[in-house]
Amino acid sequence: MIDWKSKACSLAGELVELGKLTDPEWRAAVEATPRHEFVPAYYIHEAGRWQLADTSSSAGRDEWLRRVYSNTVLITALSNGDSGQVVRSSSSQPGLMVRMLEALDVHDGQRVLEIGTGTGYNAALLSHRLGGDQVFSVDVEEDLVETARTRLAAIGHHPTLATVDGAGGLPGHAPFDRIIATCSVPAVPWSWIEQTRPGGLILTDVKPAVNAGSLVLLRRADEGAEGRFDRTYAAFMGLRKPGAAYTSIARPRDRSNAVERTTDVPPGTLQNLVVWFLAALDLGAGASSGYTGSDPTQTPTAAWIATADRSWAEIDLQPDGATYRVREGGPRSLWRAVETAHDTWVRLEQPGWDRFGLTVTRCGQWVWIDDPSSPRRWQIPA
């Protein structure tokens with residue numbers, strides 16, 4: 001018999017101490033929800049591969065419970081992608097989950113649509129707060145939905161779950177007062193706007209490219225929706241279409257057409273997530289980046305960027321005096337986009353996420369800084 005109630009209370013206390021949890025209603029939901037029921041097993045990354053954690057021994061079970069009832073993200077399902085094992089589902093960091101739920105500003109009697117059922121734990125928190133008849137959750141993976149349904153029912157929750165393409169929302173049950181997406185999207189699907197009541201809120205992770213973006217909270221208005229990005233960066237797996245393979249743009253193998261030059265913008269600029277976001281608005285959906293070297297035990301020598309049109313760039317990590325060597329190929333100069341984004345960020349006095357906002361209309365989507373009427377705006381790539 002697992003003494004989960006004391007562990008759930010300890011988790012809630014930890015989240016309060018971290019400043020992630022302030023609302024008594026959501027604290028009660030965390031304390032009343034057995035997270036271990038939704039994460040009976042998890043994976044750890046060892047020796048370059050994901051391995052199922054051993055929970056058969058006493059020590060293994062203790063470690064499982066310690067992780068489950070701590071502010072820890074847990075990988076719960078894998079799949080095979082074009083470059084090996086990829087994460088298919090996870091139980092997000094509880095601190096991030098409750099921070100998002102508090103930002104959603106729900107009230108009794110409101111109807112909430114969750115995009116990305118996953119393990120079902122988030123739907124359980126919503127069901128405790130609002131009642132299962134007010135909660136709707138969708139996922140593209142049928143096995144995840146059915147497993148979540150069983151786990152939710154086992155603890156007395158019966159929200160409406162459906163296996164559908166999350167980009168389409170759940171029109172048969174619309175309108176909703178709130179939509180929360182625990183996945184990232186390159187742009188906000190218009191169906192989510194249409195299915196939200198006027199004045200309602202939509203909280204999602206907008207990323208036009210890998211790692212390029214963050215959470216944005218939008219309020220539904222007559223012509224669309226508008227709101228600001230959250231001041232703290234967050235990341236989720238991307239929304240997938242039914243049957244879509246796990247693919248990614250990899251570092252190009254053929255670099256014979258390289259053009260060399262130098263830059264004074266260091267490769268570490270790729271770790272500046274706001275700059276990378278601004279660059280991605282120019283580079284377009286699917287832009288990816290990484291570091292050379294397949295052996296994780298060896299120090300990489302260069303950073304790289306690649307896009308779907310076969311453009312690529314490699315930037316040496318070590319400077320030659322005050323500059324860095326750049327090698328580029330393909331139809332576009334990718335590092336030039338990073339240089340431009342970095343210069344823009346500096347001219348704007350190095351803004352953080354909370355200075356940026358997003359406007360969504362049927363005709364397009366635009367990122368702006370400080371104010372929606374600002375002349376400085378960037379269009380989200382179609």
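This is a short guided tour of the structure, stop by stop, with a selection to make at each one. Keep in mind that the model is predicted.

**Stop 1: two helices at the start of the chain**

Select residues 4-17, which form helix α1, and residues 24-32, which form helix α2. Their axes come within 7 Å and cross at roughly 145 degrees. The crossing of α1 past α2 is right-handed. To see what holds the contact, show the side chains of Trp4, Ala8, Cys9, Leu11, Ala12, Gly13 and Val16 on α1, then add Arg27, Val30, Glu31 and Ala32 on α2. Sorted by class, this contact has eight nonpolar, one polar and two charged residues.

**Stop 2: two unusual spots in the backbone**

Most residues other than glycine have a negative phi, and most peptide bonds are trans. Here are places to look for exceptions.

Zoom in on Asp105, in the loop between α4 (94-103) and β5 (112-115). Its phi is near 55 degrees, a positive value in a residue other than glycine. Is Asp105 buried, exposed or partly exposed? Asp105 is partly exposed, because its relative accessible area of 38% falls between the 20% and 50% cut-offs.

Next, select Ala174 and Pro175. The peptide bond from Ala174 to Pro175 is cis, with omega near 5 degrees. Pro175 sits in the loop that links β7 (160-163) with β8 (176-185).

**Stop 3: the five-stranded sheet**

Now colour the strands of the open sheet, whose order is β12-β16-β15-β14-β13, with antiparallel pairing. β12 (259-263) and β13 (288-291) are the edge strands; each has a single partner strand, so one side of each is left without a neighbour in the sheet. From one strand to the next, the twist averages 20 degrees.

Look along β12 and its partner β16 (residues 324-329): they run antiparallel and are joined by five bridges. For one residue pair to pick out, take Arg261, whose bridge partner in β16 is Val326.

While you are here, find Arg310 in the loop between β14 and β15. The phi of Arg310 is also positive, near 70 degrees, in a residue other than glycine. Arg310 counts as exposed, because its relative accessibility is 72% and the cut-off is over 50%.

**Stop 4: the helix across the sheet**

Add residues 334-347, helix α9, which lies across β12, β14 (302-306), β15 (312-316) and β16. The helix runs at about 15 degrees to β12.

**Stop 5: the nonpolar cores**

Which residues touch the most other members of the largest nonpolar core? Select Trp335 and Leu358: these are the ones, in a core of 55 residues. Helix α8 (residues 273-283) supplies the largest share of this core, with nine residues. Then move to a second, separate core of 43 residues, which includes Ala8, Leu74, Val135 and Ala234. You have met Ala8 already, in the contact between α1 and α2.

**Stop 6: Arg376**

Finish at Arg376, in the loop between β18 (364-369) and β19 (377-379). Arg376 is partly exposed, with a relative accessible area of 34%. Which residues does Arg376 contact, leaving aside its neighbours within four places in sequence? Show Thr344, Arg347, Leu348, Val367, Trp368 and Ile369. One of these, Leu348, is 28 residues away along the chain, and its C-alpha atom is separated from that of Arg376 by 9.8 Å.

Terms used:
Residues numbered from 1 in each chain as written. Predicted model: local features only at pLDDT ≥ 70, side-chain atom pairs only at ≥ 80, totals over all residues. Heavy atoms only, no water. Pairing = 2+ DSSP bridges. Helix = DSSP H or I, 4+ residues; strand = E, 2+ residues; numbered from the N terminus. Axes fitted to C-alpha atoms, helices over the stretch in contact; angles between N-to-C directions. Contact = heavy atoms within 4.5 Å. Core = buried A, V, L, I, M, F, W, Y, C linked by side-chain atoms within 4.5 Å. Buried < 20%, exposed > 50% of the residue type's maximum accessible area, 1.4 Å probe, protein only. Left-handed = near helix turned anticlockwise from the far one by under 90°. Nonpolar A, V, L, I, M, F, W, Y, C, P; charged D, E, K, R; others polar.
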